[in-house]
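Biologist: Before I read this model, I would like to know how its labels are earned. Could we take them one at a time?

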Amino acid sequence: MKKNILIIGGGPAGLEAAASLKHSGNNIILIEKSHQLGGHLARWDRLFPDGIRAREVLDKMIASLDGVNYFTDTDIAQINILDRSYSVILSNGISVLADAVLMATGFDLFDARKKEEYGYGIYDQVITNADLEDWFRTREDSRIDHPKRIGFVHCVGSRDEKSGCRACSKVCCATAVKQACEIKAEFPDAQVYCFYMDLRMFGKHYEDLYLKAQKEYGIRFIRGRVSEVAEQIDKTLQVKAEDTLSSKPLKVTLDLLVLMSGIRPSQNLEPVRKALQLAKDDDGFINERDAVYELQKTSMPGLFVAGAVTGPKTLPDTLAEARAAALQILSYLADNDKKPAK
Amino acid sequence: MDLNRVDQEKYARLVKLEPDVTCCIGCGSCTASCSAGVFSRTSLRSALLALQNGKEQEALSLLGACMFCGKCLMVCPRGLNTRHMILSIHKIYSET
């Protein structure tokens with residue numbers, strides 16, 4: 001019998017799960033709260049480690065939806081737990097009795113204004129990783145005007161308990177090194193610095209990217225966290241850090257500072273999380289049933305998770321989780337059919 | 001340290017001659033294996049950092065006891081030609 005599967009979130013996780021489920025003979029409904037599909041990917045220009053175009057990847061994902069029902073500008077208005085299903089009212093007025101729900105709600109980028117000492121939103125020449133991607137895509141940002149000295153600050157809102165996050169955001173090191181190379185390619189005369197605590201280049205080809213940044217682009221890596229930034233009268237930035245490898249305090253004047261905002265839990269999700277009685281972790285992300293074997297399941301039967309809803313993920317990790325979640329949902333629905341009704 | 005005051009000219013010459021100087025990952029293998037380091041403070045890792053920070057005399061003093069035995073070359077995980085690098089640093093920065 002045809003079952004209803006509701007997918008919350010039209011970013012990479014939701015899109016890939018929908019595409020994986022479309023031939024299963026079930027009725028797939030995908031909802032996205034914003035006006036377009038793609039989530040954060042729609043805002044990105046190129047992807048680490050090899051620089052493939054985010055748009056090309058997203059276009060492939062959207063093309064493979066191929067007939068799946070989806071609603072943009074649509075959120076959950078109400079969700080109730082029934083015996084073997086979830087009764088959902090969408091913000092567009094449609095009601096769905098979902099036999100399985102996949103939460104593919106993604107993440108929020110850390111709001112860099114909260115790290116006041118870095119001056120985002122106060123000093124003109126301080127931007128974020130997302131702002132820089134916007135510029136790579138559109139070339140529209142008056143702050144980026146032939147900078148000669150550019151700095152990247154890793155771990156902004158990550159590994160920082162005072163900003164509410166002890167954990168590593170996983171993707172910012174590779175993103176910073178990628179962006180450092182890209183901006184150096186745009187402005188070959190510029191000196192580019194990366195301020196890092198540890199470089200976590202864990203994935204395939206990431207270490208190659210690091211070597212390329214050093215060797216081909218001459219990016220200078222400084223081990224130390226930027227402690228403060230001050231704007232000068234000419235709008236340049238005085239940046240202070242410790243060079244922890246030589247144990248000496250260091251200062252440098254920069255024309256542009258890029259903050260690598262980390263991955264934080266989606267705030268929009270809170271009402272749904274509470275209605276579903278889902279536990280969250282200390283860091284605010286949804287808890288999976290266990291952290292090794294049942295990554296796509298939650299404490300609630302029929303409720304599944306994929307992607308950054310449970311914590312920072314790379315794009316390939318997210319896509320793999322989405323495909324895994326699709327299989328687990330089908331297996332859950334098949335098992336459910338065999339059980340006698342209460 | 002003030003990076004605004006670092007003289008980039010000599011460093012640029014060094015990088016041209018020895019592109020490997022930009023590729024150090026700061027692991028410290030060279031320093032740990034250094035035969036000269038047993039007797040006198042010697043560290044290629046620290047010397048490369050000192051050069052990037054504009055501390056040329058400090059860099060030279062960190063390499064002054066080097067006997068060019070090449071053990072650092074054998075242990076470098078990035079496969080950098082450390083021995084030749086030390087020679088080039090002496091050449092460029094010992095000029096008066």
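Modeller: Two strands are said to pair if DSSP finds at least two bridges between them. Keep in mind that the model is predicted.

Biologist: What makes strand 7 and strand 8 of chain A a pair?

Modeller: The cut-off is at least two bridges. Strand 7 (residues 86–90) and strand 8 of chain A have four bridges, in the antiparallel sense, so they pair by that definition. One of the partnerships joins A:Ser87 to A:Leu97 in strand 8. The two strands form a hairpin with four residues between them, and A:Gly93 in the turn has a positive phi of about 95°.

Biologist: Which side chains of strand 8 in chain A are buried, and which are not?

Modeller: The side chains alternate along residues 95–98: A:Val96 and A:Ala98 point to one face and are buried, whereas A:Ser95 and A:Leu97 point to the other and are not. Buried requires 20 or more other C-beta atoms within 10 Å of the residue's own. Of the 342 residues in chain A, 44% are buried.

Biologist: Why is chain A called as compact as a globular protein of its length?

Modeller: Chain A has seven helices and 20 strands. Its radius of gyration is 22 Å and the globule rule gives 20 Å for 342 residues; the values are close, so the description holds.

Biologist: How many residues does each chain bring to the contact between A and B?

Modeller: Chain A brings 15 residues and chain B brings 13. Strand 17 of chain A gives the most to the side of chain A that touches chain B, with six residues. That side divides into five nonpolar, four polar and six charged residues.

Note on methods:
Residues are numbered from 1 along each chain as its sequence is written. Chains are lettered from A and ligands numbered from 1 in the order in which they are written. This is a predicted model: local features need pLDDT of at least 70, side-chain atom pairs count only at pLDDT 80 or more; totals for chains, interfaces and linings use all residues. Two residues are in contact if their C-beta atoms, placed from the backbone, lie within 7 Å. Ala, Val, Leu, Ile, Met, Phe, Trp, Tyr, Cys and Pro count as nonpolar, Asp, Glu, Lys and Arg as charged, and the others, Gly among them, as polar. The radius of gyration is taken over C-alpha atoms; the globule rule is 2.2 Å times the number of residues to the power 0.38. A residue is buried if 20 or more other C-beta atoms lie within 10 Å of its own, exposed if 12 or fewer, and partly exposed in between; C-beta atoms are placed from the backbone.
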